[in-house]
Amino acid sequence: MRADRLLAIVLLIQRDGQRTAAELAQAMGVTERTIYRDVEALSLAGVPIYTQPGPNGGIALDAAYRSQLNWFTGAELQALLYTGSATPLADLGLSQAMDNAVLKLLALLPERGQREAELMRQRLYLDASGWYGFGEAHPTLPGLKEAVWADRRIRANYANWEGDTRTVELAPYSLVYKADRWYLVAHQSGRGLRTYRVSRLADIQLLEEGFERDPDFDIGAYWAEADAAFQARLPSYPVRLRVRRTVVIYFQQMYAGRFEVEAEDGDWLTLRVEFMVFEEARTSALGLGTDAEVLEPEELAAAVIGQARAIVAKHS
């Protein structure tokens, strides 16, 4: 769109001080003639932009045409600059908007502030994605975003964790991103506000009917309460293990926040691990082989011994 291009031209020049028509044409993906037409349009609109002929010339803005961001503290500025690297804006189709916002922010900074901002950006980068690419696909996210933004009701098919599918009609309040997954907070008639996993929503239809939001709804408060309730419902199967120190990295990677070291004895550690179910604990203990010994409960120790004997017999 031309309006976006005109704004980008102003911001680039304001950030860099001066750009040639060739540089702007390459950056915008247009011809130099188009750039000159854009410069003329900006000038007619009252933007103090001008061209300087000669080998060191280019397109520039009046030096006074600059705002300051003195009302931002250093910490506030850093938070704004780091936002683009940490959030799943691409899923919402907002990554370019974030890039443009950062460009605007940098363009408004004085020259010294621009240098400091670049130093900030090079010293901390936040990546919310996982290492192994297990993130869920969210093909329905654009439609849900539209419904949430416009307060439009939706009709969709929702599959629960057991795979059973039902048709639901929802008033979508908020989208939440947590642990590489998207969730929809929505109101369902007769059930109130509930949380739906976006990857389980399919065949979404935006209805013409809108809805009135509860004026007292606060997504931060709702999510904190929902998260605490979910954690409280999780099953727990506590286990005490004696493991080699070298395999602690397994628990750090797989059970972070769910284990603690109770005692240390040279190369061996005594751990208390909160598995979710018996089968998970048995699989983990067997997988660690001779690097782990089950101390408690006795039923798990017996099950591991029995399973190990069965494995040996099967492969003999």
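Okay, one definition before anything else: I'm calling two rings of Phe, Tyr or Trp a pair if their centres lie within 6.5 Å, with planes over 60 degrees apart counting as edge-to-face. By that rule, this structure holds twelve aromatic pairs. Keep in mind that what you're looking at is a predicted model.

Let me stay with the rings for a moment. Take tyrosine 250 and phenylalanine 251: their ring centres are 5.1 Å apart and the planes sit at 80 degrees, so that's an edge-to-face pair. Tyrosine 250 also pairs with tyrosine 255, again edge-to-face, at 5.9 Å centre to centre and with 70 degrees between the planes. And there's a wider group here: Tyr250, Phe251, Tyr255, Phe259 and Phe275 make up one aromatic cluster.

So how buried or exposed are those three rings? Phenylalanine 251 is buried, at a relative accessible area of 0%. Tyrosine 255 is buried too, at 4%. Tyrosine 250 comes out at 24%, and because buried means under 20%, we call tyrosine 250 partly exposed.

Now, what does phenylalanine 251 touch? Setting aside residues up to four places away in sequence, the list is Leu241, Val243, Ala256, Phe259, Leu271, Val273, Phe275 and Leu288. That takes us straight into the largest nonpolar core, which has 19 residues. The members touching the most other members are Val239, Leu241, Val243, Phe251, Val273, Phe275 and Leu300. Which elements feed this core? At least two residues each come from strands S9 (237-244), S11 (268-275) and S12 (292-296), and likewise from helices H9 (248-254), H10 (278-287) and H11 (298-315). There's another core apart from that one, with 17 residues, and Leu141, Leu144, Ile154 and Leu201 are among them. As background, nonpolar side chains in soluble globular proteins tend to be buried together.

Ile154 is a handy link to the strands. Isoleucine 154 has leucine 206 in S8 as its bridge partner. The strands involved are S4, residues 152-159, and S8, residues 201-210; they run antiparallel and are joined by five bridges. S4 also runs antiparallel to S5, residues 165-178, this time with six bridges. One of the S4 to S5 contacts to click on is alanine 159, whose bridge partner in S5 is threonine 165. S4 and S5 form a hairpin with five residues between them, and glycine 163 in that turn has a positive phi of about 95 degrees.

A few charged residues next. Lysine 145 lies over the face of tryptophan 149, 5.7 Å from the ring centre. Arginine 213 does likewise with tyrosine 173, at 5.1 Å from the ring centre. Then there's arginine 19, in strand S1, residues 18-19. Buried or exposed? Arginine 19 is buried, with a relative accessible area of 17%. Leaving out neighbours within four places, arginine 19 is in contact with Leu12, Ile13, Leu24, Ala27, Gly58 and Ile59.

Last, the whole protein. There are eleven helices and twelve strands, and 32% of the 316 residues are buried. Looking at contacts with a separation of 6 or more, 59% are between residues 24 or more positions apart. The accessible surface is about 19700 Å², with 52% of it belonging to carbon and sulfur atoms.

That's my tour, so over to you.

Key. Residues are numbered from 1 along each chain as its sequence is written. Side-chain values use heavy atoms; hydrogens and water are left out. Two strands pair if DSSP finds at least two bridges between them. Helices (H or I, at least four residues) and strands (E, at least two) are DSSP runs, numbered from the N terminus. A nonpolar core is a set of buried Ala, Val, Leu, Ile, Met, Phe, Trp, Tyr and Cys residues joined through side-chain atoms within 4.5 Å. Buried means under 20% relative accessible area, exposed over 50%, partly exposed in between (1.4 Å probe, protein chains only). Contact means heavy atoms within 4.5 Å. Accessible areas come from the Shrake-Rupley method with a 1.4 Å probe; for residues, only the protein chains shown count as cover. Rings of Phe, Tyr and Trp (its six-membered ring) pair if their centres lie within 6.5 Å; planes under 30 degrees apart count as stacked, over 60 as edge-to-face and the rest as tilted. A charge sits over a ring if NZ of Lys or CZ of Arg is within 6 Å of the ring centre and within 35 degrees of the ring normal.
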